[in-house]
Amino acid sequence: MSNIRFQALQTVLTRTIPEIKTPSDKISDYFGANVFDKKKMKDYLSKEAFQSVINSIENGEPIQRDMADQVASAMKAWAISKAATHYTHWFQPLTGTTAEKHDAFFEPTADGGAMENFSGDALAQQEPDASSFPNGGIRNTFEARGYTAWDPSSPAFIMGRTLCIPTVFVSYTGEALDYKVPLLKALHALDNAAVDVCQYFDKSIEKVNASLGIEQEYFLVDVALFNARPDMYLTGRTLFGHMSAKNQQLEDHYFGSIPSRVYAFMQDFETEALQLGIPLKTRHNEVAPSQFECAPIYEEINLAIDHNQLLTDVMDRVGKRHNFKVLLHEKPYTGVNGSGKHNNWSMITNTGKNLLSPGKTPKSNLMFLTFFVNTIRAVYEHADMLRASIATVNNDHRLGANEAPPAIISIFLGSQLSDVLDEIETSRISKKAKEEAMLWQGIPKIPQILQDNTDRNRTSPFAFTGNKFELRAVGSSANSANPMTILNLIVADQLRKFKVDVDKLIKKGEKKDVALLTIIKKYIKESKAIRFEGNGYSDEWEKMAEERNLSNIKTTPKALDALVTEKAEAVFESTGVFTKREAHARHEILLDDFYKKLQIEARVMGELVNSVIIPTAINYQSKLVANVKGLKDIGLDEDTYEAQLGIIKKLSEHINFIRTHTEQMVEERRTANKIEDARDKAIAYDEKVKTFFDPIRYHVDKLEQLVDDQLWPLPKFRELLFIK
């Protein structure tokens, strides 16, 4: 038992569960303790400075230099009271993770002493190297300047002993180099467009915020087993591995009793998250063994995304304390469910109205129908852009499998609401409808609360679940800012068009409510093809989707084309979210990310095959050959060792296949590497290199079943999936 696999297994058996202590028995006592939130700002800031920050958060007003100095001084005082020694601008570059560069508050003084200092300038802006992050050609090495700028709408927080200040990241020439800038622009566009439409119904509505709740799925694996799997360590997933005889087929893990080690980990990371103001509410076992989920209460969307990025970082750090590796890869194990990041989205007014929640009266339901139907039509008009927003090499493994929606974008409403829309579509608005009593007869009664009356459809990428839409197709490792930017900007664009259409009818003499209902009826009919209530996994749905002219783009390189079409550019320009240059840069970055990850996987696969898998198989084969030779030498008939000969032959067949196809894969990889165009290179990796992965894996997994268990060097699925 000297190989690395058994050493790792022995390590796992010695694990103990650490004692978990919380600051208090009541979460309310320590929630947000490490956040410079509004309550702490009131305590540390003057009334003028506090109001300046609030005006910036709520109205986007700039903070003057003298006020920025006050805020910086207050932040420093609070941070030092919490034992912080450093500060950093915390931002979200296009790597998909977060970034930070720490600077000390400490500064030497002229008399040889030292003092703590933090200025308004240091708070407001810093200058990281823009060419060292993905930029799609916007920045070159000799044009390295970029800026991080404070985002007051997301509160500063303390991580360890560092004050973290959420910021945006832009180039010297003003282009966005992060996920946050486009998101903030999309939210601003949605706010303006939604408020304009809200004015038809309620003049007191002055602001609309997008709301988001992110359900985060993840796997846990013991870090010793993780380190013994070079494929997991370098790519985040298992490139080889035969499925365990028992996995998720008994459906006994979902909502089951949480294992003790996992429970301790959950308590620990939740405590840290809650102190950081992340409002975690739910935890449970997911479908696959060693798969789990946590979910927060809904927040304003910019903050919700910051919190999700922060949460995954906290989970990773706390996981190490518990000897766990948190796997956020969308499909770390073939054959069992992968992981998603379900984005639950709605729109909330400054008066507290959820625009996707039906009301008690037909007139209030007209407001609901306006935003409900416009969202449906936005997704219908720009389904390819939404598909592109969730396209990654990791998510390609997951989409369309038995736990994730297909690549075809469709919308599930539930039978009740589908019937309502059908009824509205077929009803007639006669001249008599101009009398209010007759008009409201054209709107069916809609329950005030639909949560219990709306079924769920796990196969739908975009489903209405009572008072919100759930975008289920986002991958577990993704930054939700990307799909949420697209969703908010296409809804903003659609609401603007809706207002134009309604105003045209009003100018022609139609009553406002008649004009609203007329356009709603038109949109219901035009977007009907996107609505689907059935099984998204079925072959019938693929055929039906084709008949409806819905796209079914299954791989990332071609899905990303939707970001650089004339149609997309027009929407980006009208909402002000992306310039043409920024959109093309992001397209280039996403293509690079796609082929580079496949490139890494191909290299890891080739290395493991040649230095681990084949030598192990040959070693076992040599033992069998020696066994056969010994039996033959003592005069036994061939019938006696026929089984050994059969295994030797099978081993040779698998080894030869693996060796030959690995060499072919390497040759295709070398050919692909010579391609200059990013899209062509990504497609070559997808269609020429990646196609070798599954056949090679199949034969490696067959070897795993044949080779002596004592010799097999990689931890097996039965060991990885079931936490000890």
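Select Asp151 to start: in this predicted model, Asp151 is buried, because its relative accessible area is 6% and anything under 20% counts as buried. Where along the chain are you? Asp151 sits in the loop that runs between strand 6 (146-150) and strand 7 (157-159).

**Who surrounds Asp151?**

Keep Asp151 highlighted and bring up the residues it touches. Skipping anything up to four places away in sequence, you should find Pro166, Thr167, Lys180, Leu184 and Asn302. Now pick out Lys180 from that group and show both side chains. The side chains of Asp151 and Lys180 are joined by a polar contact of 2.7 Å.

**Next stop: Glu299**

Jump along the chain and select Glu299, which belongs to strand 12 (residues 299-300). Is Glu299 buried or exposed? Glu299 is buried: its relative accessible area is 12%, so it falls under the 20% cut-off.

Time to look at the company Glu299 keeps. Leave out the neighbours within four places in sequence, and Glu299 is in contact with Ala210, Ser211, Leu212, Gly277, Pro279, Ala304 and His307. Which of these side chains makes a polar contact with the side chain of Glu299? Click on His307: its side chain and that of Glu299 make a polar contact of 2.9 Å.

Before you move on, add Leu9 to your selection and draw a line from C-alpha to C-alpha. Glu299 and Leu9 lie 42 Å apart in space, and 290 residues separate them in sequence.

**Zoom out**

Now show the whole chain as a cartoon. You'll be looking at 26 helices and 17 strands. Turn the chain around and picture a box about its C-alpha atoms: along the principal axes, that box is roughly 105 × 80 × 55 Å. How does the radius of gyration fit in? A compact globule of 724 residues would come out near 27 Å, and the chain has 29 Å, which agrees.

Try colouring by burial next. Of the 724 residues, 56% count as buried. Switch to a surface view and you have about 31200 Å² exposed, with carbon and sulfur atoms supplying 50% of that.

For a look at how the chain meets itself, consider contacts between residues at least 6 apart in sequence: 76% of them join residues at least 24 apart.

Last of all, colour by charge. How many positive and negative side chains are there? There are 89 positive and 98 negative ones, and the centres of the two sets lie 3 Å apart.

Definitions and conventions: Residues are numbered from 1 along each chain as its sequence is written. This is a predicted model: local features need pLDDT of at least 70, side-chain atom pairs count only at pLDDT 80 or more; totals for chains, interfaces and linings use all residues. Side-chain values use heavy atoms; hydrogens and water are left out. Helices (H or I, at least four residues) and strands (E, at least two) are DSSP runs, numbered from the N terminus. The radius of gyration is taken over C-alpha atoms; the globule rule is 2.2 Å times the number of residues to the power 0.38. Buried means under 20% relative accessible area, exposed over 50%, partly exposed in between (1.4 Å probe, protein chains only). Contact means heavy atoms within 4.5 Å. Accessible areas come from the Shrake-Rupley method with a 1.4 Å probe; for residues, only the protein chains shown count as cover. Lys and Arg count as positive and Asp and Glu as negative; His and the chain ends are not counted. The place of a charge is taken as NZ of Lys, CZ of Arg, CG of Asp or CD of Glu. A polar contact is a pair of N or O atoms within 3.5 Å; within protein, one must be able to donate a hydrogen and the other to accept it, and residues adjacent in sequence count only if both atoms are side-chain atoms.
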